[in-house]
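User: I would like to learn how to read the features of a multi-chain model, one at a time. Could you give the general idea for each and then the case at hand?

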Amino acid sequence: MSLLKKLMEIDNRILYLLMFVAIIVPMLKPIGLPIPISQYTAEVYNKIEDLDSGSYVIYSMELGISSWPWAGEHFVLTLEHLLSRNLKVICVSFSASGPYLLEKVIQNLKTTEKVYGVDYVNLGFVSGGEAGMSSFARDANTLFTTDFGGTPIEELSILESFTGANDVSLFLGFTGGTPGADEYIRQFQAPYEIPVAIGWCSSGTIPSIAPYIESRQILGAVVDMKGCAEYELLRGKPGPFIAGMDSQSLVYVLVLSVLILGNIGFFAEKRSEKNV
Amino acid sequence: MILQSGKMIGFLMLLTTVSFILYHIYRAEKGNPANIRKLAALEAIDELIGRAAEMGRPVHVTPGASAINHPSEAPQTFAGISVVNYIASSCAELNLPIIVTVGQAAVYPIVEEIVRTAYANEDNIFEPDYVRFIADAYSIAVQGILEREKPAANIMVGGFYNESVRFAEAGARAGALQVAGTARTYQIPFFVAACDYSLIGEEIFVAGAYISGDPVLIGSIAGQDLGKFLSIILILINGILTALGINWLHQLLGR
Amino acid sequence: MLITAVIVSLIVFEYFFDVPAATTVSENVQRWAVVVMAFTLGLGAINLFQIHGAKVLRKDKEWYLSVWLLFIMVLTIVFGIVSGPFEDSFRFLYEDVFMHLGGTATALQGFFILSAAYRTFRARNLDAAFLIGAGILMCFYQAPFGVLIWKGFDVIGSWLFTVAVSSAFRGIIIGSAIGAMAVGVRIVLGREKGLAGG
Amino acid sequence: MYEEIVLIIAAASTLAILSYLYRENIFYRIAEYTMVGISAGYLFVMAYRNIISFGLNSIVQKQDYTYIIAFILGFMLFGIYVKKYNWISRWPMAFIIAVGTGISLRGLVISQLLAQIKATTIEISTPLKTFNSVITLIVVVCVLSYFIFSREQRGVLGITGKTGRYAMMVAFGTVVTFMFMTTTTVIIGRLKVAVLPYPAYYIAIISLILIAIDVIRKKIR
């Protein structure tokens, strides 16, 4: 009983420390657990593979610069994938924090044959939330006067034959919550019938996106690190996310033990109260 | 005037639901509101306050950290304010100290007035520190109050963000019985897991409407119920028809 | 306020009906909204000026932190507007400082959930039992180690996720869509507290 | 040299925030205030750029003078800061709320309400698919019925409502568990970029020493 009591009274800080240990240890010594590929990620990947070359794709970034260190490699990988398929990528952001991240993603592209302004463009941030999305979808070409860097849109040849959502073959959104799936389908999928896929979403938000995927309103989603790791496998470029999944495993072992331990203690306490 | 193709059913659905809501608001304003049920969590609040009175310890209540000028947040905050009102009058009746923490400047005067009136109505003394406005670091401050002042009951109804899990933990560690509710989907799980009673999603609006007796709120809740009934019926019919291989309703519902 | 009712009705009407005149007006209204909403983003800075300016003037506890906040805010604004957002000075503040602060702040939440899970997530009633049971099961589904122990975890987990979890959220989505309509009605009627009071 | 300094600042920022996990302290406070300051400043810059590129450029380059209305409404927002003219800001607020409400309202009927109702079908193909679709339908109906408030939850409604509530609990449990993945992802990113590389780890060592001193100091007391 006393051991249990001790286990019940671990200081929060020890827990936090354990979390760090669970994350760091596999980083230093990878275990290499197998990763099964989920339907959701495969759908996104296959959709990009199936698009006709030359079609327009919206690459909509709702995440902020702070997500660069932990998901940046995935954003670059996805953009490179799009470009390698000879698609015309229009980068835009409906959240104020997005455009710099887009800028950073573009700076880190490894492909050199694709040209800014011809094969891809960063239009920056559109304010107005859903009103902004709606205006962008309806007539993007009259909304903008310059791209994010200040170049007049007349000088960007990619935009010559682009008028708005009607020309788009895929909407790829990267979101951490709001704006997110709800807004995408309200403003892009339902009125214009363009396919919407989630290029990255946090693991906590996927349960609320799942109904739309099951109803085929959204094609699929790359979910957090797990999805990124699967995407790396599909692209045949194993990288940081596959390595990171080992840490995930250990963290989940910790979460599991914490939940079970807490509840064992709770029931033991209840029983001892009854005996008294 | 041409209805855009494929949107007819959508327009009809909108029209029907809106007219349900309008009808019930109208009925409620005529003094004939629909009955809405009293939620278990609300009944629990009475019990919690009773327990606090026995223990002689204060009750903590907060209407959340949300603003009141945003369409998806204002209703939550006002539901929270209604709950504060309810608790303040119960506490005033028992002359029990109450701690109300407010994180939004615009909410503070409203809540202060409510609590002051509640204590004045019972001829009990209103202490100035019953209602506290916390300008910044709302989450840290409330956590501190829960830990130091150890309320016997902790009631949190309104719009909560990341702070929900910390409040719930701090409250539980202070030994308070907790009732909590929010309409923010990602915060509900923490309240359910860590509190004794919880209000999920729209339940907080129902609680607010039940307490305040506001005809517009009651009317719109009753109207929404009809909308939900309609949805359930559509789902059932659609399900049965598709199972039988009849697809006309399925196609009608959207492209 | 009448203006609210008119605009809401116009935008909704234009979506369902094919009336070119209404569409033109509504398009313009939406484009204005893009600009007006941009103004609201700037209000946060002014608001901070008010709150922290007052703190400094009153010499409140930790007023020097308020000074620091205002200084760094003004610096960001000056760098961003005067020298341009692509200059190194602005990039240093935003990419080299803010990126790390913001990212780490996001992570804190997970730690708080962990300690709350340990201390307070108890199967104290049937509701919580369901919640925690599902939580435990999903640990095996979410991380690769689950499949290593038993292949079934992946099957059960994905079944639970695609069938039970997503249907529950579908119910919530339908319910909240109807709820949003009710809020819309109240706004149009000018009967939504706080919002339409004007 | 510049890069090393930047890395040290990155490490210091990261650890200042993380130090909150140990206890509240002045480093955390400074970091928090810095974050709020830069974030508000950044938003201001973004607002400025958008007002110029969407608003002013449309007036100047495209001669679309209707945008003047947007500017008037935008400046009216500042009325909020003058008590006497507070009412002025209500107009633009009403405008924003109206556009936002209208746009989301018109979209959600089809995309969220009807499309989701439509998707809830009973599929007759394989037994498993049929079973799954029936369960889906039952769960959706039960969850919806839980949110019916003008009837007492007794009889059929009692059963469906309870089932709906438990189904939601399963969903919420999933949400909680899933949230940990993001934290882990973020921390891995932090460690890789701002804590483990040279010379950032010096900061980590210094902060560990500081914490150790604090622990010992408390023990002695």
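Analyst: Let us begin with domains, whose bounds come from an automatic or database domain assignment. The model in front of you is predicted, and in it chain C is divided into domain 1 (1-60), domain 2 (61-107) and domain 3 (123-193).

User: What distance separates the centres of domain 2 of chain C and domain 3 of chain C?

Analyst: Taken over C-alpha atoms, the centres of domain 2 and domain 3 of chain C are separated by 38 Å.

User: Next, the sheets. How should I read a strand order, and which strands of chain A stand at the edges?

Analyst: Strands of a sheet pair through backbone hydrogen bonds, and the pairing may be parallel or antiparallel. In chain A, six strands form an open sheet with parallel pairing, and their order is S3-S2-S1-S4-S5-S6. The edge strands are S3 (120-125) and S6 (218-223) of chain A, each of which pairs on one side only. From one strand to the next, the twist averages 15 degrees.

User: Within that sheet, how many bridges join S1 to S4 of chain A?

Analyst: Strand S1 (residues 56-61) and strand S4 (residues 168-175) of chain A run parallel and are joined by six bridges. To find one of these on the screen, look for A:Ser60, whose bridge partner in S4(A) is A:Gly173.

User: Which strands of chain A does helix H7 lie across?

Analyst: Helix H7 (residues 181-192) of chain A lies across S1, S4, S5 (196-201) and S6 of chain A, and runs at about 160 degrees to S4(A). Helix H9 (residues 224-235) of chain A also packs on the sheet, where it touches S5 and S6 of chain A, and its direction makes about 100 degrees with that of S6(A).

User: What is the strand order in the sheet of chain B?

Analyst: In chain B, too, six strands form an open sheet with parallel pairing, in the order S3-S2-S1-S4-S5-S6. Strand S3 (131-133) and strand S6 (197-200) of chain B each have a single partner strand, so one side of each is left without a neighbour in the sheet. Neighbouring strands here are turned by 10 degrees against each other on average, with direction ignored. Strand S5 (residues 177-182) of chain B runs parallel to S6(B) and is joined to it by four bridges, and B:Ala180 stands opposite B:Ser198 in S6(B).

User: Now the empty spaces. How many cavities of 30 Å³ or more are there, and what lines the largest cavity?

Analyst: A cavity is a space where a 1.4 Å probe fits but cannot get out, and the count comes to four cavities of 30 Å³ or more. The largest cavity has a volume of about 140 Å³ and is lined by 15 residues, of which B:Pro75, B:Phe78, B:Leu217, C:Arg186 and C:Glu192 lie nearest its centre. Helices H3 (74-94), H8 (203-212) and H9 (215-243) of chain B give two or more residues each to this lining, and H3(B) gives the most, with five residues. Read by class, the lining of the largest cavity has eight nonpolar, two polar and five charged residues.

User: Which helix gives the largest share of the lining of the second largest cavity?

Analyst: That share, four residues, comes from H6(D). The second largest cavity holds about 50 Å³ of space, and the residues that line it include A:Trp70, A:Phe241, D:Ile188 and D:Lys192. By class, its lining has six nonpolar, two polar and two charged residues.

User: And the second largest pocket: which residues are closest to its centre?

Analyst: The second largest pocket holds about 1400 Å³ of space, and of the 45 residues that line it, D:Leu15, D:Ser19, D:Ser207, D:Leu208 and D:Ile211 are the closest to its centre. The largest share of this lining, twelve residues, comes from H7(D). By class, the lining of the second largest pocket has 34 nonpolar, five polar and six charged residues.

User: Last, the backbone. Which peptide bond of chain D is cis, and where is A:Glu193 found?

Analyst: Most residues other than glycine have a negative phi, and most peptide bonds are trans. The bond from D:Tyr198 to D:Pro199 is cis, with omega near -5 degrees, and D:Pro199 lies in the loop between H6 and H7 of chain D. A:Glu193 has a positive phi, near 55 degrees, and is found in the loop between H7 and S5 of chain A.

Definitions and conventions. Residues numbered from 1 in each chain as written. Chains lettered and ligands numbered in written order. Predicted model: local features only at pLDDT ≥ 70, side-chain atom pairs only at ≥ 80, totals over all residues. Heavy atoms only, no water. 1 Å grid on protein atoms, 1.4 Å probe; cavity = no way out; pocket = protein on both sides within 12 Å on 5 of 7 lines; lining within 4 Å. Points joined across faces, edges and corners; volume = space filled by probe spheres on them. Nonpolar A, V, L, I, M, F, W, Y, C, P; charged D, E, K, R; others polar. Pairing = 2+ DSSP bridges. Axes fitted to C-alpha atoms, helices over the stretch in contact; angles between N-to-C directions. Contact = heavy atoms within 4.5 Å.
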